[in-house]
Amino acid sequence: MAILSLENVSFSYDKHSNAVKDVSLSVEKGEYVAIIGHNGSGKSTLAKLFNGLVLPDKGSVIVDGFSTLNKKEVFEIRKRVGVVFQNPDNQLVASIVEDDVAFGPENLGIKREEIGQRIEFALSAVGMEKFRHSSPTRLSGGQKQRIAIAGVLALKPQILVLDESTAMLDPQGRKEVLEVIKKLNQDNGVTVITITHYMDEVVDADKVYVINDGKIALCGTPQEIFNQKEVIKGFGLELPLCAEIRDKLARQGVILPDGILTKERLAEELCALKRKS
Amino acid sequence: MKDVTFGQYFPAKSFVHNMDARVKILAVIAYIVAVFLVKAFHFLGFLACFLFVIIATIFSRVPFLKVLRSIKGILFFIILSAILQIFFNADGKILLEWKFIKITDKGLLNAGFIVARISLIVLGASLLTLTTSPVEIADGIESLMYPLKWIKFPVHEFALIMSIALRFIPTLLDETDRIIKAQKARGADFESGNLFKRAKALIPVLIPLLISSFRRADELADAMDARCYSGSKNRTKYKKMRLTWRDAVATVFIAGLIVGVVFLNKFYWLLVV
């Protein structure tokens, strides 16, 4: 059964144009789902629809059997759907790391002893145990964002939504955050929905949704999506770097098989080609 | 600008640092009361207060010079009030007269008294901010204001506002720095012209700062909502402040000071004559 599903959801900030138009999608437990789209495609609005920060004008958002339209259930939904936003600076509420991670559990009314355990769990999940008593202002962007993720993990959510959470980070910070997310998905079985416009973050996903103009334009595995090169480019998106390299090589007469998305795969194919020649 | 710490917190491990913030806040209030209790010209009472500050400083492991330096911030104010007392107090025996200025013995005594009083208060208060981080002070104030809940004062909200404000000071300082650089790169001039011109030059800094603060507030509200924030109802608190033997010792000590000052007020003649 799907843990999160959207049924014919439409939403608009003003009356003239819809940010999200008739979107239906479903996410299974333990899945790693990527949602991509260019700026202004409505993908960030989706993140807010997932946990009831905005409510659908039409259709419904169902999380684990709870609907965001039901005011009494919003709390239950936010417990299950943790959202990490773009700017780490604007998500941290406290001046000390452990106080910030404690913020969520405190809101749930959890007992002190258990909050302590949750802080330990959340900080070790993102590899930031050493910084428990530090001030976030002295950390790097990637480290701050990992604290923000820990703050969400302390709520023990079943679904982790990342709304462009790597967009403001440098390549090193982006790598740190991605590794943490992959680990959480694989080892802790957390369902991950990542909303991004970095194509390289998409290649490991189980399922990819392409959003264009508020609608789902494409849906499929990364392979299926990136095989439709012209369509992707038509939506103002780029191909993953390795797919781009493959295409450029092909134009120079070095033909590699289609569907190369990762560095490893590219290296393998290049080696195979070298052995052949 | 990243390393600007708000206030003047001096991190160390000491008796005073380890005290409960609430006790420290109350102790400083009690200390200020003691300073005000000292009757006019009973300088021995001030000596007792000064000794108290010195002992507290020794137990806080803050360099004494650092505590003294706190007076620098209000030096102008101290000098001004001393001058006013010396030159414009006409009471008492005239020591020196020149045109309309009369310097009297009472004026000099008054000036000394006021300087001592202000300096002692600042010394004591700065010892609090030197040994207590802003977060601890905010938590302490929240805890002390708890009884106000009875008159429906939103204590939790007030404390949250304080701590979020503290949390955002370094972030906003950073941002101010960035905006100033960006405006300078566009040819803005912050260094020349008179005071009025310079103040006007700050407008292109303040407006972007204000707008971005609103954006930040909006995003922070979303992030807090997403983490199940719903006011103080059913909320627990992870950090608990605990009273220890240190607080008991300090309480006895501050009580001793007040008793001492009152005793000196009553029996001053015994010691002086």
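**Exercise 1. In what order do the elements of chain B run from the N terminus on?**

Solution. The model is predicted; local features need pLDDT of at least 70, side-chain atom pairs count only at pLDDT 80 or more, and totals for chains, interfaces and linings use all residues. Residues are numbered from 1 along each chain as its sequence is written, chains are lettered from A and ligands numbered from 1 in the order in which they are written, and side-chain values use heavy atoms, with hydrogens and water left out.

Step 1. Helices (H or I, at least four residues) and strands (E, at least two) are DSSP runs, numbered from the N terminus.
Step 2. Chain B has eleven helices and two strands.
Step 3. Their order is α-α-α-α-β-β-α-α-α-α-α-α-α.
Step 4. Chain A, in turn, holds ten helices and ten strands.

**Exercise 2. Set the extent of each chain against the globule rule.**

Solution.
Step 1. The radius of gyration is taken over C-alpha atoms, and the rule is 2.2 Å times the number of residues to the power 0.38.
Step 2. For the 277 residues of chain A, a compact globule would have a radius near 19 Å; chain A has 20 Å, which agrees. Its C-alpha trace spans about 65 × 45 × 35 Å along the principal axes.
Step 3. For the 273 residues of chain B the rule also gives a value near 19 Å, but chain B has 24 Å. The box filled by the C-alpha atoms of chain B is roughly 70 × 55 × 40 Å.
Step 4. An automatic or database domain assignment divides chain B into domain 1 (1-133 + 240-273) and domain 2 (170-231). The centres of these two domains, over C-alpha atoms, are 37 Å apart.

**Exercise 3. Describe the interface of chain B and chain A.**

Solution.
Step 1. Counting contact as heavy atoms within 4.5 Å, 32 residues of chain B touch 39 residues of chain A.
Step 2. Buried area is the accessible area (1.4 Å probe) that two parts lose on being put together, summed over both. The two chains bury about 3,200 Å², with 50% of it on carbon and sulfur atoms. B:Arg167, B:Arg227 and B:Tyr238 supply 30% of what chain B buries there, more than any other three residues.
Step 3. A salt bridge is a side-chain nitrogen of Lys or Arg within 4 Å of a carboxyl oxygen of Asp or Glu. Five salt bridges are counted between the chains; in one of them, B:Arg227 meets A:Asp100 at 3.3 Å, N to O.
Step 4. On chain B, the elements giving two or more residues to this side are helix 7 (155-185) and helix 9 (203-226).

**Exercise 4. Find a salt bridge that links distant parts of chain A.**

Solution.
Step 1. Over all chains there are 28 salt bridges.
Step 2. One of these joins A:Asp213 and A:Lys21 (3.4 Å, N to O).
Step 3. A:Asp213 lies in the loop between strand 9 (207-212) and strand 10 (215-220), whereas A:Lys21 is in strand 2 (residues 20-28), 192 residues apart.
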